[in-house]
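I set aside this notebook page for one pass through the structure, residue by residue and space by space. The entries follow in the order in which I looked things up.

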Amino acid sequence: MNSFISKVIEDIFSKQKNYDKLVFVLPSQRSCVFLKEKILKNLPTSSFLPKIISIENYIQEIADISLIDNTQLLFEFYSIYLQNIPKENIESFDSFSQWATIALQDFNEIDSYLVNSEDFFNNLRDLKRLDEWFQDKKPSQLAINYLQFFESLYLLYKALNKKLKTNKFGYQGLIYAEATNNLELYINNTIDNHVVFAGFNALNKAEENIIQELLNNNIASIYWDANEEILNKSNEAGTFLRKYKSEWAYYQKNPFLWANTTNSSIKNIHLIGAPKNNTQIKYAGELISKLDDFNKTALVLADENLLNLTLNSLPNNVKNINITMGYSLKDIPIASLFDMLFKLHLNQQKFNKEKECEFYYKDVLNILNNPFLNKLHGESLQKINDKIKTENSIFLDVKTLKNCISIVEVDKLSMFFSLFELSTNMNVIIGKCSSLINELKEFVVGVEKEYLFRFYTIFQQLETLNSTYNHIKDLKTLKLFYTQILQNEKLSFQGEPLQGLQLMGMLETRALDFETVIITSVNEGILPAGKTDFSFIPFDVKKHFGLPTYQEKDSIFSYHFQRLLLRAKNIYLIYNTESDGYGSGEKSRFLTQLEINNPNITKTIISPKVQHSETSLLQIEKTSEVVEKLKVVFTKGISPSALSNYIYNPISFYEQKVLGIKDDNEVEETIAANTMGSVIHDVLEEMYKPYLGKFLKKEHISEMQKKRNTLLKKYFQKHYLKGNIETGKNKLIFEVSKNHINRFLKQELGLLNQNKQLKIIALEDELNAEINIDGIDFPIRIHGIVDRIDELEGVTRIIDYKTGKVEAGQLKMNDFSVISENYKYTKAMQVMLYSYLYTSKITIPISQLQSGVISFKNLNSGFLKMNFSDKFRGTDYDVTEERMKNFMSEIKNLISEILNPEIPFKENKDLPF
């Protein structure tokens, strides 16, 4: 393949023999590297290497002005803003920065295209005045502020330009404008040199003027990379080249190099549609894995945000790779640590906890579990973490954190605890971040050290800028600039630029040629980008003053796309078949144009292979050790809730009872359902305790109602520890609990108003009994705590309180065999077991016994009794001795199954929850 760069060198070397007087100017640093390699192969050994430079650096040389950093430019701009705007209208730095970045982009374009700034801003101001906002005789204050903003832009623009020129600094547009002004001096000083421009397409006005002037003085040549198809008037890719060819005076006497570029080689073009970004990149990885030589292969990411995914999808046969894109700092793991630190203090301000010096528990836990900090003091930090979860504190102070560990450990964690101290001096905070990095660097290796160094330079930069300008007054502004730097800055990859696979963005392909090209994300909104202008300048004004709009930007990417395919032999164009849900993001029109001009294109739609693998249910055999552990569990005592757990899922029973695995403690920010249940149980127990063994009276209910709120607060404090029940969801849950108890007491009062006799027999009664099962050589102990046992009109009732909703159907059964098969009936199993335990305990026979549930979410149904009737809507509530015997027979079968070493624990495939 005879590349564009090779052709340029051949042509220039045939015309120019003073190689050391040549200056090659190319669109990018990457193309400069490739040009240098080609020159070294063609240059005589006795010659000096020509100068090779990118267009940005070349323009800087002419202008004799250094490029200013974007963040420093924003600080400088704010200084200008403070000096030129009335004090009553001045905004804070963080508010200012929201619109200042857009204004600076507009300033950059105005200067790059050599627009008369005074005419431009006057025109913009007058246009805004003509807006319908200003048709009224008395415009609103908002409208006046809007107009004043546009009137102030010119003032700020002039002041900023003047200040930057004085300090010999400039943004890119200003450098281009100054280069145009210095051009005559530059030409006089470099009359012996010959400048070669190669691989350009869309030039701004300043670049046009500079190149034309050099061409007209016969000290430059320019080579365009195009063919007749690109220059065809119907092709948007040739918009700029056609303009230069027809409008530049130079081309009235000189040939256009090169318009006759042809490529007769047969191209293998493949259009591949793939659903989602992940499939695109994985397929690109598969294509690369089939290649033998990567030295002439480029993987081009039209969407550079996919770099991280791409790096993780490259095949193992790629040994050498050159990555032209930088790795975004916001994707580096250490970035999250400083995000967490800023969030810790910003949330403290948000929750108004500065006076108490308290921090939101989630922010503290995030800091405690950060992997970088755990490399320093992992064991101590996890002790604090566990203690916080145990104590259930929503807001924590440093003293509380220190009390979680020993004094010796507190001394070792002095740096960690200093992170919770907030200074009003932003440089002190920045210094703490730098100190933290210094401490961490001793505990990291490899690429993590590079990460830390890059972040250290960021904080050094912020400290220097703030020392110079003093614009960062608060933490919110510091966080804003930290985030902005992370979004703009990238970590460069080191590698051999001329060997292996080339992984690059679309702009990096300028002037370069490859035999195999793979381009991903060839979709509308990405390639081309479409209407994504962030500007204060209306479309019509841009058109009038010759500034670029989205239309010109579409032409630019159309050229880059078509030019890249000119000399390629194997082309794979991958697009996302899934639109974004708003009707956009479909296949790029560039592909449609390609299909029209190349009917032999191979079109494929791919989808990832879905592996249909049968997931076998977990099964655990009962070894002798497991059987021995079960024997200990059942000898010590098994509860009805444990048996319910076995019915729900045998594996869950195994984990809890055999392995002894307990649920992790978590800070309960919102009161959990089980906490609310425990509170209601305890409140009712204390309310009814004075009346144990007595018949209830109406005045007893009145006394209970008076104690309700006090007891609720007492037991919420016990079970919810340091949680707040005064606000938010917790306040609502407190009120719901109050309502449950109030309605329940009214229901009790209703019974007494009917002159019914209600006697409290037991509350939270601990019951247990031993049973013997055939084939099992040790007694089985069953135990449980019954919420309440009472007697209503001579009928003894076993009552289980449920704060959840229970329906009558869950307590109706005439066949006890369904208990072990259906979790729905576990509540019935529990109350029946309580009935058995109670009857085993007492010696006096009971004339009539009923058992059931009081559901606080279904209080209108009252006491839900066990119903043994086999008829539809039939009722039979008595717990008889025969029914108890039949029930216990099923319970013994269930326990035998659990203890049977031949029956493994099998995962329940139809879990109800």
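**Entry 1: a buried arginine**

I began with Arg567, which I found in the loop between helix 25 (550–565) and strand 16 (570–576). I keep in mind throughout that this is a predicted model. Is Arg567 buried or exposed? Its relative accessibility comes to 7%, so I count Arg567 as buried, the cut-off being under 20%. I then looked for a partner of its side chain and found Asp513, whose side chain is joined to that of Arg567 by a polar contact of 3.0 Å.

**Entry 2: a buried glutamate**

My next charged residue was Glu178, which is found in helix 8 (residues 172–181). Glu178 has a relative accessibility of 15% and therefore also falls under the heading of buried. Setting aside residues up to four places away in sequence, I noted that Glu178 touches Ala63, Ile65 and Lys165. I also looked up its distance to Ile59: the two residues are 119 apart in sequence, yet their C-alpha atoms are 9.0 Å apart in space.

**Entry 3: the nonpolar cores**

In soluble globular proteins, nonpolar side chains tend to be buried together. With that in mind I turned to the largest nonpolar core, which has 154 residues, and asked which of them touch the most other members. They are Phe338 and Phe455. Helix 7 (residues 141–166) gives this core its largest share, nine residues. I followed Phe338 outward and, leaving aside its neighbours within four places in sequence, found it in contact with Cys433, Leu436, Ile437, Phe455, Phe459 and Tyr482. There is also a second, separate core of 56 residues, with Ile638, Ile651, Leu833 and Phe887 among them.

**Entry 4: enclosed spaces**

Rolling a probe the size of a water molecule over the atoms shows where empty space is left. How many cavities of 30 Å³ or more does a search of the whole structure find? I recorded three.

The largest cavity holds about 120 Å³ of space. Helix 15 (334–350) and helix 21 (426–440) are the elements that give two or more residues to its lining. Among the lining residues I listed Leu341, Phe342, His345, Lys432, Cys433 and Leu475. Cys433 thus appears twice in my notes, as a contact of Phe338 and in the lining of the largest cavity. By class, I counted seven nonpolar, two polar and two charged residues in this lining.

The second largest cavity holds about 50 Å³. Helix 5 (93–112) and helix 6 (117–130) each supply at least two residues of its lining, and the largest share, four residues, comes from helix 5. The lining includes Ala103, Phe107, Phe120, Phe121, Phe536 and Ile537. By class it divides into nine nonpolar residues, no polar ones and one charged one; Asp106 is in the list as well.

**Entry 5: an open pocket**

I then looked at the second largest pocket, where about 1,000 Å³ of space lies. Of the 30 residues that line this pocket, Ser641, Asp800, Lys802, Gln830 and Tyr834 are the closest to its centre. The elements that give two or more residues to the lining include helix 30 (673–688), strand 21 (795–802) and helix 33 (826–841), while helix 28 supplies the largest share, five residues. By class, the lining has seven nonpolar, 16 polar and seven charged residues.

**Entry 6: backbone details**

Where are the cis peptide bonds that I noted? One joins Leu257 and Trp258, with omega at about -10 degrees, and Trp258 is in the loop between helix 12 (239–247) and strand 7 (268–274). Another runs from Leu527 to Pro528, with omega near 5 degrees; Pro528 lies in the loop between strand 15 (516–520) and helix 24 (539–544).

I closed with positive phi values in residues other than glycine. Leu114, in the loop between helix 5 and helix 6, has phi near 50 degrees, and I recorded Leu114 as partly exposed because its relative accessible area is 29%. Asn352, in the loop between helix 15 and strand 11 (358–360), has phi near 55 degrees. With a relative accessible area of 59%, Asn352 is exposed.

Conventions. Residues are numbered from 1 along each chain as its sequence is written. This is a predicted model: local features need pLDDT of at least 70, side-chain atom pairs count only at pLDDT 80 or more; totals for chains, interfaces and linings use all residues. Side-chain values use heavy atoms; hydrogens and water are left out. On a 1 Å grid over the protein atoms alone, a cavity is a set of points where a 1.4 Å probe fits but cannot get out, and a pocket is an open set with protein on both sides within 12 Å along at least five of seven lines; lining residues have an atom within 4 Å of a point. Grid points are joined across faces, edges and corners, and a volume is the space filled by probe spheres set on the points. Ala, Val, Leu, Ile, Met, Phe, Trp, Tyr, Cys and Pro count as nonpolar, Asp, Glu, Lys and Arg as charged, and the others, Gly among them, as polar. A nonpolar core is a set of buried Ala, Val, Leu, Ile, Met, Phe, Trp, Tyr and Cys residues joined through side-chain atoms within 4.5 Å. Buried means under 20% relative accessible area, exposed over 50%, partly exposed in between (1.4 Å probe, protein chains only). Contact means heavy atoms within 4.5 Å. A polar contact is a pair of N or O atoms within 3.5 Å; within protein, one must be able to donate a hydrogen and the other to accept it, and residues adjacent in sequence count only if both atoms are side-chain atoms.
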